[in-house]
Amino acid sequence: MTTPRRLALPLLVGLTAVTACTASTQTTASSTATFSSSPAISTATSGTSAPATSSTAPAPASPAAPAPASSPVEVATGLDVPWGLAFLPDGSALVTLRDEGRVLRVREGARPVEVGRIDDVEANGEGGLLGIAVSREFATDQRVFVYHTTRQDNRVVRLRLEGDRLMPERVVLSGIPAGGIHNGGRIKVGPDGMIWVPTGDASERDRAPDASWLGGKILRVTADGAPAPGNPDPSSSVWSRGHRNVQGLAWDAEQRLWATEFGQNTWDELNLIQEGRDYGWPTVEGRQEDNGGGRDTRFTDPLVVWRTDEASPSGLAIGTDGAAYVAALRGERLWRVPLQGGKTGEPQALLEGTYGRLRTVERAPDGRLWIITSNTFRGDERDGDDRIVILPPS
Ligand SMILES: [Ca+2]
């Protein structure tokens, strides 16, 4: 198990080498794996782009002058609370705008285009139009899934993308508890083709372990919303429980499922998700050893914990280097966590002080990581926020 060590990374312009010096942070780590310690992503940024615009319309950043491959590329700016991002087979991305309920298609070097508005989106607090996922059979079924808040619940809806028009098909899963906070929502299509749906406790913390309730869970359903074959309880969509608020899911190269989870006041988590397990909330926040109690085998501990002001982890992606990348909101950085054989190495902080709050990180078909900032919500908004940035290849 590991706790993070902060890397103080100098801002470099046009250099490929990054000199890192370590600074200690509060840590309770006792047995830290030490493999694969070099950051795969340069934190260098050009610092030359000036995407400021007074328009409310999303604008591409300097499509006529593409940045060198070694620099981050801004593909969209001026977005209002962008949240979910999923890639289409051609390398373009569908992006949700939480409060406006709109879906944009974002292509590198082009102005984003709106492909649809989702009906009945209730943007309230942390709710609204959240996650988006694309079918693994998109070339033949054109299916897209979104997760959004309504007046009554959170739900997963299936649509078809016909050209650049998103057409509603059906509600896949409804009745997921909704609240002003803790709505989960980062849906993914898994390697198994199933729809994976992390939910939040919607402030009803005591129900997070309750297997008959859809809040505080990771759910796994078919494209029609039925409990997926192979679930721990064949009649239930629940895969794991005892979660507070999960907004990041990703599979590593060996198809292990990892999930980020927001802590309350003390410990954020990176969990290795196993079917049927209880991840501790609300009895345990973080690891049991940090809660002063004995070890209770009913609960599964996280493999990495962070102080909430250093992380508040939302999006999660696995890079081509096999490491987990975690988009941190309050922490305003991208955490890189080496993974090997289901174990975690020492987390490293990237992009600290560069883009502000980070909501989303996703790996594109070409292996590069796209990140979404979140400064238009609870952030220190600056010119060009919010933006989508492609990091240079590792
Ligand atoms: Ca936990």
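This section describes the predicted model of a protein chain, from its overall make-up to its sheets, its core and some individual residues.

The protein chain has 394 residues, of which 52% count as buried. Its secondary structure consists of 1 helix and 28 strands. Among the contacts between residues at least 6 apart in sequence, 54% join residues that are at least 24 apart. The average pLDDT of the protein chain is 87, and 82% of the residues score at least 70. Over residues 1–65, however, the pLDDT is below 50, although this stretch has 126 contacts in the model beyond near neighbours in sequence. Where pLDDT is low, the predicted coordinates should not be read in detail.

Among the strand pairings is that of β10 (residues 154–162) with β11 (residues 165–176), which run antiparallel and are joined by 8 bridges. Within this pairing, R160 stands opposite M167 in β11. The two strands form a hairpin with 2 residues between them, and in this hairpin G163 takes a positive phi near 65 degrees.

An open sheet of 4 strands follows the order β12-β13-β14-β15, and its pairing is antiparallel. The strands β12 (188–189) and β15 (238–240) stand at the edges of this sheet; each has a single partner strand, so one side of each is left without a neighbour in the sheet. Between the edges, β13 (residues 195–198) and β14 (residues 218–221) pair in the antiparallel sense over 4 bridges, and W196 has R220 in β14 as its bridge partner.

Another open sheet is formed by 4 strands in the order β20-β21-β22-β25, again with antiparallel pairing. Its edge strands are β20 (313–318) and β25 (348–350), each of which pairs on one side only. On average, and with direction ignored, neighbouring strands of this sheet are turned by 25 degrees against each other. One of its pairings joins β22 (residues 333–337) to β25 in the antiparallel sense over 3 bridges, with R336 standing opposite Q348 in β25.

Strand β21 of this sheet also takes part in the largest nonpolar core, which has 94 residues and in which I195, A324, V326, L334 and I371 have the most contacts. The strand that gives the most to this core is β21 (residues 324–328), with 5 residues. The surroundings of I371 can be described in further detail: when its neighbours within four places in sequence are left aside, I371 is in contact with A327, L334, L358, T360, V361, V389 and L391. Of these partners, L334 is itself listed among the core residues with the most contacts.

Several residues have backbone features that can be placed relative to the strands. Although E332 is not a glycine, it has a positive phi of about 50 degrees, and its place is in the loop between β21 and β22. Because 24 C-beta neighbours lie inside 10 Å of E332, this residue counts as buried. A positive phi, of about 60 degrees, is also found at L351, which is likewise not a glycine and lies in the loop between β25 and β26 (358–363). With 23 C-beta neighbours inside 10 Å, L351 counts as buried.

Cis peptide bonds are found in the model as well. One joins W281 and P282, with omega at about 5 degrees, and P282 has its place in the loop between β18 (267–273) and β19 (304–307). A cis peptide bond also joins D385 and D386, where omega is about -15 degrees; D386 has its place in the loop between β27 (369–373) and β28.

Beyond this loop, P393 lies in the segment after β28 (388–390). With 16 C-beta neighbours inside 10 Å, P393 counts as partly exposed, because the number falls below the 20 required of a buried residue but above the 12 that mark the upper limit for an exposed one. Although P393 and G319 are 74 residues apart along the chain, their C-alpha atoms are separated by 9.9 Å.

Methods: Residues are numbered from 1 along each chain as its sequence is written. This is a predicted model: local features need pLDDT of at least 70, side-chain atom pairs count only at pLDDT 80 or more; totals for chains, interfaces and linings use all residues. Two strands pair if DSSP finds at least two bridges between them. Axes are lines fitted to C-alpha atoms, for helices over the stretch in contact, and angles run from 0 to 180 degrees between N-to-C directions. Two residues are in contact if their C-beta atoms, placed from the backbone, lie within 7 Å. A nonpolar core is a set of buried Ala, Val, Leu, Ile, Met, Phe, Trp, Tyr and Cys residues joined through C-beta atoms within 7 Å. pLDDT is the predictor's confidence in each residue, from 0 to 100.
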